Amino acid sequence: MFRKFAIAGVASILVSATAYADGHSKDIVDTAVGAGSFETLVAAVQAAELVDTLKGEGPFTVFAPTDEAFAALPEGTVETLLKPENKDQLVAILTYHVVPGKVMSGDLSDDMIAATVQGGDIKIDLDNGVMVNDANVVQADIETSNGVIHVIDKVILPES
């Protein structure tokens with residue numbers, strides 16, 4: 001009887017350790033690609049030539065807008081931003097969604113200000129759930145091999 005429990009215990013530890021390790025073996029880009037709900041974000045990262053950066057060592061914290069968040073932008077906005085002549089603007093918007101370092105949800109505090117890679121600041125509000133500027137965090141703490149992704153429901157824009 002004890003042997004069955006011991007074997008079951010070791011097996012469950014091995015399975016959970018494998019799942020945990022596998023969950024962290026992908027970098028930010030590969031995790032976003034695999035999720036299937038960030039196709040627009042991935043296309044934008046590719047157009048901005050930021051793939052190698054976000055596959056780099058990091059760590060990075062990415063506030064990742066979903067495809068629905070991009071679809072909510074005014075018609076034609078995404079298409080315009082993806083044009084080569086608008087690359088600088090696209091880079092500015094995308095890097096505004098990235099904070100250097102690995103910031104987990106437990107590290108956040110109400111009215112916290114964080115500097116983005118773009119150079120602007122974002123504000124964290126914890127009064128009604130977790131918000132980044134005016135976007136809601138809909139899923140937090142998706143750990144990757146080089147940082148963490150927090151899914152948001154709106155594209156946040158740097159001040160002009």
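Glu49 is exposed, with a relative accessible area of 58% (exposed means over 50%, buried under 20%, and partly exposed in between, using a 1.4 Å probe and protein chains only). This is a predicted model, so local features need pLDDT of at least 70 and side-chain atom pairs count only at pLDDT 80 or more, while totals for chains, interfaces and linings use all residues. Residues are numbered from 1 along each chain as its sequence is written, and side-chain values use heavy atoms, with hydrogens and water left out.

Back to Glu49. Its phi is positive, near 55°, and this residue follows helix H3. Its side chain forms a salt bridge with Lys87, with the closest N and O atoms 2.8 Å apart (a salt bridge is a side-chain nitrogen of Lys or Arg within 4 Å of a carboxyl oxygen of Asp or Glu). Glu49 sits in the loop between H3 (39-47) and H4, and Lys87 belongs to H7 (residues 87-95), so this pair ties together parts that are 38 residues apart in sequence. Lys87 itself counts as partly exposed at 28% relative accessibility.

**Salt bridges**

A search of the whole structure turns up 6 salt bridges. Here are three of them:

| Acid | Base | N to O distance |
|---|---|---|
| Asp27 | Lys55 | 2.8 Å |
| Glu49 | Lys87 | 2.8 Å |
| Glu143 | Lys102 | 2.7 Å |

What does the Asp27 and Lys55 pair tie together? Asp27 is in the loop between H1 (2-23) and H2 (28-35), and Lys55 is in the loop between H4 (51-54) and strand E1 (60-65), so parts 28 residues apart in sequence get tied together. Asp27 is buried at 10% relative accessible area, whereas Lys55 is partly exposed at 32%. Asp30 joins in too: Asp27, Asp30 and Lys55 are linked in a network of salt bridges.

The Glu143 and Lys102 pair involves the strands. Glu143 lies in E6 (residues 135-144) and Lys102 in the loop between E2 (98-100) and E3 (112-115), so the bridge ties together parts that are 41 residues apart in sequence. Both ends are partly exposed, with Glu143 at 24% relative accessibility and Lys102 at 36% relative accessible area.

**Overall layout**

The protein chain has 7 helices and 7 strands (DSSP runs numbered from the N terminus: H or I of at least four residues for helices, E of at least two for strands). From the N terminus on, the elements run α-α-α-α-β-α-α-α-β-β-β-β-β-β. Of the 160 residues in the chain, 36% are buried. The chain exposes about 9100 Å², and carbon and sulfur atoms supply 57% of that (areas come from the Shrake-Rupley method with a 1.4 Å probe, and for residues only the protein chains shown count as cover).

Among contacts between residues at least 6 apart in sequence, 61% join residues at least 24 apart (contact means heavy atoms within 4.5 Å).

**The sheet**

The 7 strands form an open sheet with mixed pairing, in the order E2-E1-E7-E6-E5-E4-E3 (two strands pair if DSSP finds at least two bridges between them). E2 and E3 stand at the edges with a single partner strand each, so one side of each is left without a neighbour in the sheet. E1 and E2 pair in the antiparallel sense over 3 bridges, and Phe60 has Pro100 in E2 as its bridge partner.

**Cores and H3**

The largest nonpolar core has 26 residues, and those with the most contacts inside it are Phe38, Leu41, Leu54, Val62 and Leu94 (a nonpolar core is a set of buried Ala, Val, Leu, Ile, Met, Phe, Trp, Tyr and Cys residues joined through side-chain atoms within 4.5 Å). H3 gives the most to this core, with 4 residues. Apart from it lies another core, of 13 residues, among them Phe63, Val99, Val132 and Ala135.

In H3, Leu41, Val42, Ala44 and Val45 are buried. They cover an arc of only 160° around the axis, which puts them on the same side of H3 (the arc is that of the directions from the helix axis to the C-beta atoms). The face turned away from that buried side carries exposed Glu39 and Gln46. Cover for the buried residues of H3 includes H2, H4, E1, H5 and H7. Leaving aside neighbours within four places in sequence, Leu94 is in contact with Leu41, Ala44, Val45, Ala48 and Leu50.
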